[in-house]
Amino acid sequence: MWDYTDKVLELFYDPKNQGVIEETSEPGVKVATGEVGSISCGDALRLHLKVEVESDKILDARFQTFGCTSAIASSSALTEMVKGLTLDEALKVSNKDIANYLGGLPEAKMHCSVMGQEALEAAIYNYRGIPLAAHDDDDEGVLICSCFGITDTKIRRVVKENNLTTAEQVTNYVKAGGGCGSCLTKIDDIIKDVEQEVATTTKNANNGIKSAEILNSGQIATATRPLTNVQKIALIQKVLDEEVRPVLIADGGDVELYDIEGNTVKVILKGACDSCPSSTATLKIAIESRLRDRISKDIVVQAVEP
Ligand code: FES
């Protein structure tokens with residue numbers, strides 16, 4: 001017995017928006033239809049959208065579904081979710097959104113939510129006169145599962161959007177692998193490939209964040225990616241302004257950043273620092289060691305004449 005949520009059962013026993021939207025001669029309104037699945041495969045959904053042409057808004061949505069409890073509930077949920085949205089807004093509805101609306105679906109039934117999303121896309125692309133094969137479509141990929149006609153593009157997409165990690169999950173979401181099973185190894189390879197891709201993207205994103213954090217915190221030593229020259233100059237200036245100058249100013253001196261060449265930071269000592277007999281110590285202790293500590297151990301500070 002499937003563990004369905006109350007919402008799934010509610011929409012199964014009392015589906016909202018079941019039926020057809022007939023073509024209409026109403027001015028300013030058009031009807032779009034999208035169809036996915038096939039009765040021979042077990043599930044099929046035909047989605048009808050009534051669209052206000054000028055605003056692109058979905059005025060009404062109805063469905064005809066051949067399928068199980070979750071297929072009916074998913075279709076019904078979808079029609080409730082898209083009413084009132086523009087077509088562009090509706091295109092952002094994911095199968096996850098549909099499942100969430102239902103309070104979740106058993107994993108083995110997630111393909112019902114995917115079917116809803118695909119029917120929605122099909123209807124919108126039909127309405128816009130765009131052949132499905134012309135957009136980022138599954139038909140453009142390489143056929144992976146011949147039992148269910150599923151391409152690598154579709155598998156990649158569902159793996160990414162739903163963070164899937166096993167071939168069994170892929171079968172639950174798009175049925176691929178659920179027939180003869182000869183495609184399961186290929187599905188595993190696709191999952192590994194997507195994981196690798198996601199890991200690389202995440203690493204790059206984290207490096208970007210780290211650089212920004214470094215700029216804020218004044219620490220370059222832990223950077224996993226070299227700072228740009230602009231970032232480096234900004235960071236040195238920040239450390240001087242916030243950590244070095246207040247100390248020097250309190251002693252009647254000051255320092256100004258003059259230039260940076262590689263790891264050599266040229267500064268102008270001012271006020272009491274300029275004439276101080278221990279200005280070398282000031283350079284080494286107050287400025288250089290602080291910059292080395294905060295930015296890079298290779299920094300050398302030089303005093304230049306104004
Ligand atoms: S080829 Fe995928 S299940 Fe048969």
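Start by selecting valine 170 in this predicted model. Leaving out residues up to four places away in sequence, Val170 touches Ile155, Val158, Val159, Leu164, Ala176, Gly177 and Ile187. Colour those seven neighbours and keep them on screen for the next stop.

**The largest core**

Where does Val170 belong in the bigger picture? Val170 is a member of the largest nonpolar core, which has 50 residues. Together with Ile155 and Ala176, Val170 touches the most other members of this core. Now select residues 110-127, which form helix α5. With ten residues, helix α5 gives the most to the core. Colour residues 1-128 and 136-217 separately, and you have domain 1 and domain 2. Each of these two domains supplies at least three residues to the core. As a general rule for soluble globular proteins, nonpolar side chains tend to be buried together.

**Helix α7**

Next, select residues 167-174 to see helix α7, the home of Val170. Is this helix mostly covered or mostly open? Helix α7 is mostly covered, with seven of its eight residues buried. The buried ones are Ala167, Gln169, Val170, Thr171, Asn172, Tyr173 and Val174. Step on to lysine 175, just after the helix, and check its backbone: Lys175 takes a positive phi of about 75°.

**Three cysteines**

Now select Cys41, Cys68 and Cys112. In an unreviewed UniProt entry, the annotation "binding site" covers these three residues. Zoom in on cysteine 68, which sits in the loop between strand β3 (57-66) and helix α2 (69-82). Why does cysteine 68 count as partly exposed? The reason is its 15 C-beta neighbours inside 10 Å, since a buried residue would need 20 or more and an exposed one would have 12 or fewer.

**A three-stranded sheet**

Move along to strands β6, β7 and β8. They make an open sheet in the order β6-β7-β8, and the pairing is mixed. Select β6 (253-261) and β8 (300-303): these stand at the edges with a single partner strand each, so one side of each has no neighbour in the sheet. Looking across the sheet, you will find neighbouring strands turned by 35° against each other on average, direction ignored.

Which way does each pair run? β6 and β7 are antiparallel, pairing over eight bridges. To find one bridge, select leucine 257, whose partner in β7 is valine 267. The two strands form a hairpin with two residues between them. In that turn, glycine 262 has a positive phi of about 60°. On the other side, β7 (residues 264-271) pairs with β8 in the parallel sense over four bridges. Here, lysine 266 stands opposite glutamine 302 in β8.

**Helices on the sheet**

Add helix α9, residues 229-250. This helix packs on the sheet and touches β6 and β7, with its direction at about 160° to that of β6. Then add helix α11, residues 279-294, which lies across β6, β7 and β8 and runs at about 145° to β8.

**Zooming out**

Finally, show the whole protein. There are eleven helices and eight strands to look for. Of the 306 residues, 35% count as buried. Among contacts between residues at least 6 apart in sequence, 52% join residues at least 24 apart.

Methods
Residues numbered from 1 in each chain as written. Predicted model: local features only at pLDDT ≥ 70, side-chain atom pairs only at ≥ 80, totals over all residues. Core = buried A, V, L, I, M, F, W, Y, C linked by C-beta atoms within 7 Å. Domains from an automatic or database assignment. Contact = placed C-beta atoms within 7 Å. UniProt positions renumbered as here; feature names shortened; annotations may be inferred. Pairing = 2+ DSSP bridges. Axes fitted to C-alpha atoms, helices over the stretch in contact; angles between N-to-C directions.
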